[in-house]
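Please walk me through this protein model, from its overall make-up to the details of individual helices, strands and loops.

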Amino acid sequence: MRASECGQELVRTHTCGELRPEHAGARVILMGWVHRRRDLGPLTFLDLRDRYGITQIVCDEQRAPEAHAVAKQVRNESVIAVIGTVVRRAPETVNPKIATGEVEVVAERVIVLNPAKTPPFPIEDERGSPPSEEVRLKYRYLDLRRPRLQRNLILRHRAALAVRQYFDRHGFLEIETPMLIKSTPEGARDFIVPSRLHPGKFYALPQSPQLFKQLLMVAGFDRYFQIVRCFRDEDLRADRQPEFTQIDVEMSFATPEMIFALIEPLIEELCLLVGREIVRPFPRLPFAEAIERYGTDKPDLRFGMELVDVSPWLQDVEFAPYRRALDGGGVIKGIAVRGGAKYSRKQLEELADLARRAGLSGLTWVKLGEGESASAPALRPARLEALARAIGAERGDLLLIAAGPRTVVNQALGLLRVEIARREGLADGGQFRFVWITDFPMFEWAASEQRWSAVHHPFTSPRDEDVDRLETDPASVRAKAYDLVLNGVEIGGGSIRIHRRDVQQRVFRVIGLGEEEARRKFGFLLDAFEYGAPPHGGIALGFDRLIMLLAGETSIREVIAFPKTASATDLMLDSPSEVSPAQLEELGLAIISRRSE
C-alpha cells in the first residue's frame with residue numbers, strides 16, 4: 001500500500017515486529033509507542049513498540065537533524081510515526097532478544113502523533129517491583145500495554161478461536177442466548193435489572209445459559225455451544241469475578257463418557273497453544289474417593305501425600321484425642337511429608353495452627369529417623385513403625401496425624417497437604433494433571449434453611465439406580481454429574497440433565513420447591529418436557545480460569561482485559577456509581593438506606 005508522508009494521511013507500511021534482514025533497503029513507515037530512548041549525543045536510539053514487537057530506530061544528527069531533534073525530546077509512551085530506511089545491524093550489535101534484532105530503521109522523519117505524560121508506573125521494565133493492583137486497575141489501559149498482559153490476551157483470543165473451530169468441526173452450532181432473563185435464584189445471587197417499560201418488574205442477568213441450552217435440545221439443535229458471558233452477585237476471590245466467561249456445551253443423547261471424549265481432545269488442543277503436552281484419557285475419580293484420599297473434590301494430583309486412615313492401628317492407644325475421636329464415631333488419618341523430619345518446631349506449630357483453624361482440636365506429628373520424636377508420648381517405637389508402614393513413610397519423613405469427625409479431618413488434612421506442597425515447591429515444574437471427579441451426591445443438607453439443596457443444580461439427573469430413593473433417602477442419591485479439575489482448580493462442571501417432567505417435579509419437591517413456586521419459576525421448562533425432550537447433557541468450562549492456568553497466572557484478573565477488584569468495583573470507571581434522581585424516577589425506584597445492624 002502506498003503511504004502519503006504528510007498530515008493525517010500518513011499510513012504505516014509495517015508493524016514493529018515485522019521487519020527482517022530481507023527488508024534491508026526498504027523505505028518504511030512505522031507507528032507505535034516509544035518504549036525506551038537512549039541518548040548518545042549525535043545518535044539517539046528509540047525502541048518503537050506496538051503489540052507485534054519492537055523495532056530499533058536510529059536518529060542521526062548529521063543525516064536527519066530535524067528527526068534527531070524530535071527524538072531527543074520525545075517522552076516514553078508518546079505515540080510517533082517514523083519514516084526511514086531499513087538497514088542490517090553490524091554483527092556485534094545484533095539483539096537476539098527481539099525478533100527484529102538483526103535490523104534497524106534509520107530515520108528520515110520522526111513525527112509526534114500524540115505526546116504522553118509520564119505514566120504512573122513503568123511500562124517498559126517488568127523486572128522491578130510491580131505496581132499495586134489498585135494502581136494497575138485504575139490505569140488499566142496502560143497496564144494492558146505491558147508485554148505480560150498482551151501475551152495473556154493474545155492467548156485468550158487464540159484459545160477462543162480454537163474452541164470455535166473445534167466445535168464447528170464436531171458439528172456444534174454456536175447459538176446466542178438472552179442476557180435479560182427471569183430471576184430464578186438457586187445458589188448465587190442474581191444481578192437484577194429494572195424494566196422501564198414494566199414498572200416494578202425486573203430482569204436478571206444470567207448466571208448460566210442452563211435453561212436455554214436445555215430448551216435448545218428440546219428444539220432439536222442437538223449440538224450447541226457458546227462462549228458466553230455470565231453474571232453472579234457473589235463474594236469474590238482470585239478465581240472469581242461478578243462477570244465471567246464460560247465455554248457452554250450441550251448434547252442430545254449424551255452419556256458422561258461421550259462428554260469426556262468430546263472435551264479431552266479440546267483441552268489437549270488448548271494446552272498445545274502454550275506448548276504443553278498432556279496425557280489422555282484423564283483419570284476418573286469418584287467424589288467419595290477424592291474426599292477420602294485428598295480431603296477435597298478438587299484434588300491436585302501433581303504430588304502425593306494422600307490421606308491414609310490409620311484408625312485400625314490406633315484402636316487401643318490410650319491417648320485422649322484419639323479415644324474421643326474413635327468413641328465418637330470419628331476417624332484418625334495421617335499424611336507423610338517426604339523429607340519433613342527436618343521441620344523445625346516453629347514450622348510444625350505453624351502447621352498445627354492451620355489445622356486448628358480448619359476445625360481440628362490439635363495435630364500429632366512424628367519425625368522418622370535417628371532420634372525419632374513424636375508429639376504424642378503414647379506413640380511407642382513399635383507403634384510408630386506400624387504407622388509408617390501404613391502411611392508409606394520412610395526414614396527422614398514427617399508424619400502428620402489428625403483425629404476427629406471424618407469431614408473435619410479430611411478437610412483439615414487436605415488443606416495441610418496443599419499448604420505443605422506450596423512450601424516445598426511440589427506443585428511447581430509446569431505439570432498439568434487433569435482429573436474427572438464423578439458420582440457426586442445429588443443433594444446436601446442446608447442447615448441454615450433446614451432443607452435439602454442441589455449440590456450442582458436442580459436440573460441434574462439422579463443416577464437411574466438411585467431414583468427410587470429421591471423422597472425416602474435423599475442423602476444416598478448420586479447425581480450424573482462430573483467436574484473437570486486441573487492442578488487443584490475446578491475448570492469445568494457438567495451433568496446429564498433431567499429430561500422428564502415427573503422426575504424434575506420430584507427433584508423440585510426434594511429441595512423444598514412447591515408445585516406453585518416451581519410452576520411460577522420453571523413452568524416453561526416443565527411444559528417443554530412434555531413435547532418430546534430428548535435425553536441430554538453437557539458441561540460448562542470456566543474460560544477465564546482455564547486461560548489463567550494456561551498462562552501460568554494465579555488470578556483471573558490477569559487474563560481479563562478490564563476486570564473488577566476483589567470488592568467488585570471498577571477503579572478505572574469508578575463503578576458501580578450513583579445514577580441521577582431522574583433515572584430513578586423514570587424506573588419507579590427509590591434508594592432506601594440500609595439500617596446499621
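The paragraphs below begin with the whole chain and then turn to its strands, its helices and some particular points of the backbone.

This is a predicted model, and its chain contains 15 helices and 22 strands. The C-alpha trace spans about 95 × 75 × 55 Å along its principal axes, and 47% of the 597 residues count as buried. Among contacts with a separation of 6 or more, 68% are between residues 24 or more positions apart in the chain.

A first element to look for is the barrel, into which 5 strands close in the order 1-2-3-5-4, with mixed pairing. On average, and with direction ignored, neighbouring strands of this sheet are turned by 55° against each other. One pairing within the barrel can be followed in detail: strand 1, residues 27-40, and strand 4, residues 79-88, run antiparallel and are joined by 7 bridges. In this pairing, Val28 stands opposite Gly84 of strand 4.

Strand 16 is a useful place to continue. Made up of residues 398-404, strand 16 is mostly covered, and 7 of its 7 residues are buried. In a regular strand the side chains alternate between the two faces of the sheet. Here both faces are covered, since Leu398, Leu400, Ala402 and Gly404 are buried on one side, and Leu399, Ile401 and Ala403 are buried on the other. Strand 16 pairs with strand 13, residues 331-337, through 7 bridges in an antiparallel arrangement, and Leu399 is the bridge partner of Ala336. Strand 16 also pairs with strand 14, residues 364-367, again in the antiparallel sense and over 4 bridges, with Thr364 standing opposite Ile401.

These three strands lead to helix 8, because the cover over its buried residues includes strand 13, strand 14 and strand 16. In helix 8, which comprises residues 320-327, the buried residues are Tyr322, Arg323, Ala325 and Leu326. Seen down the helix axis, the buried residues of helix 8 fall within an arc of 165°, so they line one face of the helix. The face turned away from this buried side carries the exposed residues Arg324 and Asp327. After helix 8 comes Gly329, which has a positive phi near 80°.

Ala325 offers a closer view of how helix 8 meets its surroundings. This residue lies in helix 8 and has a relative accessibility of 7%, and because the cut-off for buried is under 20%, Ala325 counts as buried. Although Ala325 and Ala403 are 78 residues apart in sequence, their C-alpha atoms are 5.7 Å apart in space. When residues up to four places away in sequence are not counted, Ala325 touches Gly330, Val331, Ala403 and Gly404.

Elsewhere in the chain, helix 4, residues 147-169, and helix 6, residues 256-272, have axes that come within 10 Å and cross at roughly 145°. Their crossing is right-handed. Helix 4 contributes Ala159, Ala162, Val163, Tyr166, Phe167 and Arg169 to the contact, while helix 6 contributes Ala261, Leu262, Ile263, Pro265, Leu266, Glu269 and Leu270. By residue class, this contact divides into 11 nonpolar, no polar and 2 charged residues.

Helix 5, residues 210-218, has Gln210, Leu211, Lys213, Gln214, Leu216 and Met217 as its buried residues. What covers these buried residues includes strand 9 (223-231), strand 10 (243-252), helix 13 (515-528) and strand 22 (536-542). Just after helix 5, Gly220 takes a positive phi of about 100°.

Some loops also deserve attention for their backbone geometry. The peptide bond from Arg280 to Pro281 is cis, with omega near -5°, and Pro281 lies in the loop between helix 6 and strand 11 (284-286). Another cis peptide bond joins Ser575 and Pro576, with omega about 5°, and Pro576 is found in the loop between helix 14 (543-550) and helix 15 (581-587). The loop between helix 14 and helix 15 also holds Ala568, which has a positive phi of about 65° although it is not a glycine. Ala568 is partly exposed, with a relative accessible area of 29%. Asp439, in the loop between strand 17 (434-438) and strand 18 (443-446), likewise is a residue other than glycine with a positive phi, near 55°. With a relative accessibility of 26%, Asp439 counts as partly exposed.

Definitions and conventions. Residues are numbered from 1 along each chain as its sequence is written. This is a predicted model: local features need pLDDT of at least 70, side-chain atom pairs count only at pLDDT 80 or more; totals for chains, interfaces and linings use all residues. Side-chain values use heavy atoms; hydrogens and water are left out. Buried means under 20% relative accessible area, exposed over 50%, partly exposed in between (1.4 Å probe, protein chains only). Helices (H or I, at least four residues) and strands (E, at least two) are DSSP runs, numbered from the N terminus. Two strands pair if DSSP finds at least two bridges between them. Axes are lines fitted to C-alpha atoms, for helices over the stretch in contact, and angles run from 0 to 180 degrees between N-to-C directions. A crossing is left-handed if the near helix is turned anticlockwise from the far one by less than a right angle, and right-handed if clockwise. Contact means heavy atoms within 4.5 Å. Ala, Val, Leu, Ile, Met, Phe, Trp, Tyr, Cys and Pro count as nonpolar, Asp, Glu, Lys and Arg as charged, and the others, Gly among them, as polar. The arc is that of the directions from the helix axis to the C-beta atoms.
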